[in-house]
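Open the model in your viewer and keep the selection panel at hand. The tour has three stops.

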Amino acid sequence: ITLAGGSIGTIYRWKAGSGQYWFRHPGDVDLIQAPVIGDVWERVYFAGDSRYGEPRYTMTPQAYTGGSEYPVVSYKLGVPEPAEVIQATEQTEDAVDIDSIEKTRPIKVTTQSPHGFSDGQVVRFSIEADEVDDEADPPESGLADLLNTSEYEVRVLSDTEFEVAYSDGENVNYTDFVSGTVQIYHDPALQERRFYVHTYVTEFGEEGPPSEVSDEIDVGPTQKVSLTLPPALSSETTGRLLEKRRIYRSNAGTQGAAFRFVEELPLGESSYEDTRLSTELADPLPSLEWDPPPEGLRGLELMPGGIAVGFDDDTVYFSEPYRPHAWPRFYGLSVGHEIVAVGVFDVHVVVATKGLPYLITGTDPRAMSMRRLEVTQACVSKRSMVSLGYGCVYASADGLVFVSASGAQLITRQHMRADEWAHYHPHTINAFEYEGRYIGFYDDGAGDKGGFVFDPRDPELGFTELDFHAVAGFRDPESEFLYLLLDDDAIVAWDASSEPMEGSWLSKVIHTAYPVNMGAARVIANSYDDLHFRIVADGAEILDRQVHDREPFVLPDGYTGMDWEVEVYGTDQVAEITFGETPEEVAS
């Protein structure tokens, strides 16, 4: 595979359906898959792309439709807080004309048009009735005096009929009804103080933080409220897939009360009539602190439990579990130095800075614990940070630093001096993991570039140098291949060929207490197709020969030395090298 099309600093192999696509980004970009099993949109999230300036995501089919450089289309990550607030106005119900009042038990009222009442609502009458005839037999009572002087609950019989609770027109000789109206009454003593907020929702159901609260409004428990919904600003919708709006209402009469769900509407709706009783409100607002990620977020990694992690300046940020669009600011943990890189292993986050490293541990972003690691080794290259599954490794000015749950250590201290380490231009190292090993590449920009392999589990093996350089790479967790983008824009898979590469291994300088003559050596390997042995005494080469089997072989005589180095090179895998003064010594 060859990728063309300009400078590429990051590659990512993305499989969508039956297709496979190579994402390419300039510079250092971090990508993670959606932490959702079976995500039908096959979303990928990325941060650090200089073309956009904020974290983004892409999905199928937009990532590969309409172009050849992938991802073709991407969107801003996160859902913004609405800039404008809801305007709430209480409704005063119109009076309804009464057609008749029947003197039954309880009194029955018929209206000229649908009344719109519901059971339990309180109404107030304004009627005229015949005057009381003082000489009537039996004595009369004024119907207007009864109904106009109090408020009554109603029980609905039909759209135009209701009964008046606690009234008796059958056993009292009331005067006849003439005309009048009835309307809902809201007792000031029972009024609720309400506030409203609203949120934006994407087409994936991702919800953002709420707007500021509306002005307060005092209404009766059953009083209708007209809401004017502000239009979304272009700065809020551009680059985002906002689709709906959710409305929430306070449920206890203060701004600090819980807001509960009222309704979800298309984003284009400009008004809504709230007729819900307090007892009909649904779940509380879940997204109160679901901020969008910081614009400068970098270092995207994924922790167990669906928690995304990243950093900006001196703060580590965590997402809501399984919601990579939501990054509550109060989850953030600030360290004492500017952060260079973060890495994840198990339930730990390694934070490498321009000062001391830190280790953050936890499974809940609300309760992460952080400790400073007392190892004075600043990270000099963000791209040198690699998670190996059992720990993380990053490059410092003095060598490679290994961080595990037990702490941090400079694991190359015993094998390489700082001036020798400088040969690898540590501030340029771009590294990857393969089968628990650390594979790094360097490039000083002036022609000195290459790579190396180091195994933190067996540091005695030292560095295996590579005779090629990779610009970028991608460790595929599914295929378990490490893909590398070479200088010629070709993508190759590490260790995918059955043909072995030629390699070499050089020992450290081995000192003897007095001058000796090494007389024999033996090399044990898995095969002897292409294997060579070389020995150096006090800086002078003594022998360079091909090895054909595991039997000891004789070294030249007539010399002595105190500082010894041995080297093996070829395509065979070596298990053991021994050398000594006699063949019997190396064969034992």
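The stops are a pocket, a sheet and a single glutamate.

This is a predicted model: local features need pLDDT of at least 70, side-chain atom pairs count only at pLDDT 80 or more, and totals for chains, interfaces and linings use all residues. Residues are numbered from 1 along each chain as its sequence is written, and side-chain values use heavy atoms, with hydrogens and water left out.

**Stop one: the pocket**

Select Leu31, Leu300, Glu301, Phe474 and Arg475. Of the 34 residues lining the second largest pocket, these lie nearest its centre. A pocket here is an open set of points on a 1 Å grid over the protein atoms alone, where a 1.4 Å probe fits, with protein on both sides within 12 Å along at least five of seven lines; lining residues have an atom within 4 Å of a point. Its volume, the space filled by probe spheres set on the points, is about 1100 Å³. Next, colour β25 (339–345). This strand (a DSSP E run of at least two residues) gives the most to the lining, with five residues.

**Stop two: the sheet**

Show β29-β30-β31-β32, an open antiparallel sheet in that order. Strands pair if DSSP finds at least two bridges between them. β29 and β32 (407–410) are the edges. Four bridges join β31 (residues 400–404) to β32. Pick valine 403: its bridge partner in β32 is alanine 408.

**Stop three: glutamate 163**

Go to β12 (residues 161–164), which holds glutamate 163. Glutamate 163 counts as buried (under 20% relative accessible area, 1.4 Å probe, protein chains only) because its relative accessibility is 16%. Now add arginine 155: the two side chains make a polar contact at 2.6 Å (a pair of N or O atoms within 3.5 Å, one able to donate a hydrogen and the other to accept it; residues adjacent in sequence count only if both atoms are side-chain atoms).

Notes:
Buried means under 20% relative accessible area, exposed over 50%, partly exposed in between (1.4 Å probe, protein chains only).
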